[in-house]
Amino acid sequence: MTMLLTAQSSACTPEEPVGLGRAASFAVLGASTVTNTGETVITGDLGLSPGTSVTGFPPGTVVGGSIHVADTAAAHAQVDLTAAYNDAASRTPATTIGTELGGTTVKPGVYNSAAGTFGITGNLTLDAQGDPDAVFIFQAASTLITASSSAVILTGGARAANVIWQVGSSATLGTDSSLAGNVLALTSITVTTGVNVNGRVLARNGAVTLDTNAISRSTGALSINVPGRADLGSAAAGAANVSDRLGEITVSDTRG
């Protein structure tokens, strides 16, 4: 009985988000090169370290951020990306599911596949079931490949900031597809023509290749919880002041 209760308690424990540290401000981060074709729009920082070749900006543009090439900010981001990657890869217990995620609805949790790969053809729905803090971690020992016009749909309060795609080799996002979440790839990331990413594409050791994309850094949320009422008691008519404390105000800021 004790063992059963312990297992049930563990299964109900919410998964903690994967902290990106100093990589959080980056929408795109590469290691060897960052190459762009076309009018890509990046919302957030663009970084490269230790490589020195960033090409295609312009015509690509960076909005709400800066380009960091082999500087301290990019180097620090790579250090924290490595820590985040290792954190995501080590999360347990992981539920083994099919390699093809298209046409499925997935609840919060940690997932891997027996083949070590994930693919998305059609739509993948991530359902947070009303919990805006719900975390989704997909551990791909090898590759992540999304098909043309595929999409990751967030529902039930799910937020892209809490979706992690940990990829043990390289990721390829298909033409005109839409991806939600942060791609943390050991090697390279290829973002083909017309892809929209609500999140980040962060490569530890290889290149990031872009082509007329929209990549918007996903952020957490600011929430402020204030007690709704206080008992002011009673006072005589004409009393100058009637006051009481509302109680503790809780502020949670996960915007990085």
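Me: A residue counts as buried under 20% relative accessible area, exposed over 50%, and partly exposed in between (1.4 Å probe, protein chains only). What is the relative accessible area of Arg159?

Reply: This is a predicted model, where local features need pLDDT of at least 70, side-chain atom pairs count only at pLDDT 80 or more, and totals for chains, interfaces and linings use all residues. Numbering starts from 1 along each chain as its sequence is written, and side-chain values use heavy atoms, leaving out hydrogens and water. Arg159 is buried because its value is under 20%; its relative accessible area is 17%.

Me: Which residue meets Arg159 in a salt bridge?

Reply: A salt bridge needs a side-chain nitrogen of Lys or Arg within 4 Å of a carboxyl oxygen of Asp or Glu. Here the N to O distance is 3.6 Å, and the partner of Arg159 is Asp133.

Me: Which residue forms salt bridges with both Glu15 and Asp87?

Reply: Glu15 is partly exposed at 24%, and Asp87 is partly exposed at 25%. The closest N and O atoms are 2.8 Å apart in the bridge from Glu15 and 2.7 Å apart in the one from Asp87. The shared partner, buried at 11%, is Arg91.

Me: Now for the inside: how many residues does the largest nonpolar core have?

Reply: A nonpolar core is a set of buried Ala, Val, Leu, Ile, Met, Phe, Trp, Tyr and Cys residues joined through side-chain atoms within 4.5 Å. Val28, Phe138, Trp165, Val201 and Leu210 have the most contacts (heavy atoms within 4.5 Å) inside the largest one. Its number of residues is 41.
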